[in-house]
Structure formats: structure tokens, C-alpha cells
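Please work through the following exercises with the sequence and the model open beside you. Each one sets a task and then gives a solution in steps.

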Amino acid sequence: LMIGFGILLTGIPPTPEEFWRIFFFLLVSIVYIGVWLNLAIMFSVKFKQPATSALSGLAVWLFFSLFFTMIINIIVEATVPSQVSDISQLIGYQGFVQNLLRISPSQLFSEATTTLLVPTIRTLGPITIEQAYGAIAGPLPLGQSILLVWPQLTCLVAAAAVIFGLSYVFFMKQEIRSRS
């Protein structure tokens, strides 16, 4: 609705590449929602009370959306190296911090959607000046943006599949009796 309203308001239709970026944004959003939906299904299978399952799902969502970043910041402050001998050690540490943040589905979704919708983003991690030297400034084509977010999308699909698999196992382990 917002995209349609924006087109009507500005009168500028999207280019084919912008249309495909919006389409892939929709796909990533569906996968992200699938993660939380599968988690809700798993909690509804695992817990007998509907209120418990709803509150558990809400608690996990709040944890990953709000508190997980705070906990990672505490871990980062506690483990930051006091002396950096070379730049590769600092880049390795920054990669470690980013990988910790990528445990959260919210972080994966944020990275994927930002990269898809803002074509000027060229990397999702730290780079050195030597790596940036010679890079041509400009927007990435759609194919390169998709390649850049492929790991995030793969992790989201894998998380949805694992959570769904766990809920299936929990469901099959329950003893289901019919009342006659």
C-alpha cells in the first residue's frame, strides 16, 4: 500500500530493477515472518496453555529485538582487546562481534533488507583501506545485492526450517488420544 501510495503521490513509477528489489524485499519479509510464525507454532505445540505459548513467543521476540543487542554490547565491552597489534586482529574481532549479532533473526532481516533496498551498500562487514582502494563508487546491481545478502537469507530459511522441524518432532511425540 505504501509503495502504491508513493507512486500515486510522486507520479514516478519504479524502474524494473526497483520493482525486483521490492519483490525480493517481500520474499525476505515472508521468510522472516515465517521464522516467528514457526516459533509460535512450536510454542503452541509445546505448551498446553494458549497464554503461556503466546507470552513465550512474545518474550523470545522481545529478547531478540531489544535485549540481545544490549547483551552483545556487554560481551563486547568485556572482551575488547586492550592492545591491537595489527589491523587484521581488529577486523577479526569486529567479524566476531558481527557474527554474534547475526544469531538474531532481527539482525539478519535488518542486514538483508537494508542491502536490498539501498543499492549503495557494498559490504556488510569491516574492510580495510586496501580492500576499498580501487572500488568504483556507485550502486550495486540487483544480482550483486542478492549475492551479498544470500548468507542472511539462507540463515533465515534454515532457522525457519529447524524451528518447524522441532515443532513437528514435538507434535509427533505428544500422545494424541481421541475421546469417544
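**Exercise 1.** Determine whether Arg102 is buried, partly exposed or exposed in this predicted model, and then find the acidic side chain that meets Arg102 in a salt bridge.

Solution. Begin with the surface: Arg102 has a relative accessible area of 22%, and because buried means under 20% and exposed over 50%, Arg102 is partly exposed. Next, look for the partner, which is Glu111, whose side chain meets that of Arg102 in a salt bridge with an N to O distance of 2.9 Å. Side chains of opposite charge can pair when their charged atoms come close. Finally, compare the accessibility class of the partner: Glu111, at 8% relative accessibility, counts as buried.

**Exercise 2.** Describe the surroundings of Glu111, naming the helix that holds it and the residues in contact with it beyond its neighbours within four places in sequence.

Solution. First, place the residue: Glu111 belongs to helix α5, which covers residues 105–117. Second, once the neighbours within four places in sequence are left aside, the residues in contact with Glu111 are Arg102, Leu124, Val149 and Gln152. Third, examine the polar contacts of the side chain, where one of 2.9 Å joins Glu111 to the side chain of Arg102 and another of 2.7 Å joins Glu111 to the side chain of Gln152.

**Exercise 3.** How many salt bridges does the structure hold, and where does the one between Glu17 and Arg21 lie?

Solution. The structure holds two salt bridges, and the pair of Arg102 and Glu111 has been treated above. For the pair of Glu17 and Arg21, the side chains meet at 3.1 Å, N to O. Both residues are found in helix α2 (residues 16–46), where they stand four residues apart, about one turn of the helix. As for their accessibility, Glu17 is partly exposed with a relative accessible area of 35%, whereas Arg21 counts as buried at 5% relative accessibility.

**Exercise 4.** Trace the ring pairs that run through Phe63, Phe64 and Phe68, and classify the geometry of each pair.

Solution. Start from the total, which is 12 aromatic pairs in the structure. The rings of Phe63 and Phe64 have centres 5.2 Å apart and planes at 70 degrees, and since an angle over 60 degrees counts as edge-to-face, this pair is edge-to-face. Continue to Phe64 and Phe68, whose ring centres are 5.4 Å apart and whose planes stand at 55 degrees, so this pair is tilted. Phe64 and Phe68 are four residues apart in helix α3 (residues 50–79), and they are therefore separated by about one helical turn. Now add the accessibilities: Phe63 is partly exposed at 31%, Phe64 is buried at 19%, and Phe68 is buried at 8%. To finish, widen the view to the aromatic cluster that these three residues form together with Tyr32, Trp36 and Phe109.

**Exercise 5.** Which charged end sits over the ring of Phe170?

Solution. The residue to select is Lys46, whose charged end sits over the ring of Phe170 at 4.2 Å from the ring centre.

**Exercise 6.** Summarise the overall build of the protein, beginning with its helices and strands and going on to its dimensions.

Solution. Counting the elements gives seven helices and zero strands, and reading along the sequence gives the pattern α-α-α-α-α-α-α. The C-alpha trace spans about 75 × 55 × 25 Å along its principal axes. The radius of gyration is 21 Å, whereas a compact globule of 180 residues would have a value near 16 Å. Of the 180 residues, 27% count as buried. Among the contacts with a separation of 6 or more, 72% come from residues 24 or more positions apart.

**Exercise 7.** Locate Gly6 in its helix and find how far apart Gly6 and Gln89 are in space.

Solution. Gly6 has its place in helix α1 (residues 2–10), where it counts as partly exposed at 25% relative accessibility. Gly6 and Gln89 are 83 residues apart in sequence, and their C-alpha atoms are 46 Å apart in space.

Notes:
Residues numbered from 1 in each chain as written. Predicted model: local features only at pLDDT ≥ 70, side-chain atom pairs only at ≥ 80, totals over all residues. Heavy atoms only, no water. Phe/Tyr/Trp six-rings, centres within 6.5 Å; stacked < 30°, edge-to-face > 60°. Buried < 20%, exposed > 50% of the residue type's maximum accessible area, 1.4 Å probe, protein only. Helix = DSSP H or I, 4+ residues; strand = E, 2+ residues; numbered from the N terminus. Lys NZ or Arg CZ within 6 Å of the ring centre and 35° of its normal. Polar contact = N/O pair within 3.5 Å; in protein donor to acceptor, adjacent residues only side chain to side chain. Contact = heavy atoms within 4.5 Å. Salt bridge = Lys/Arg side-chain N within 4 Å of Asp/Glu carboxyl O. Rg over C-alpha atoms; globule rule 2.2 N^0.38 Å.
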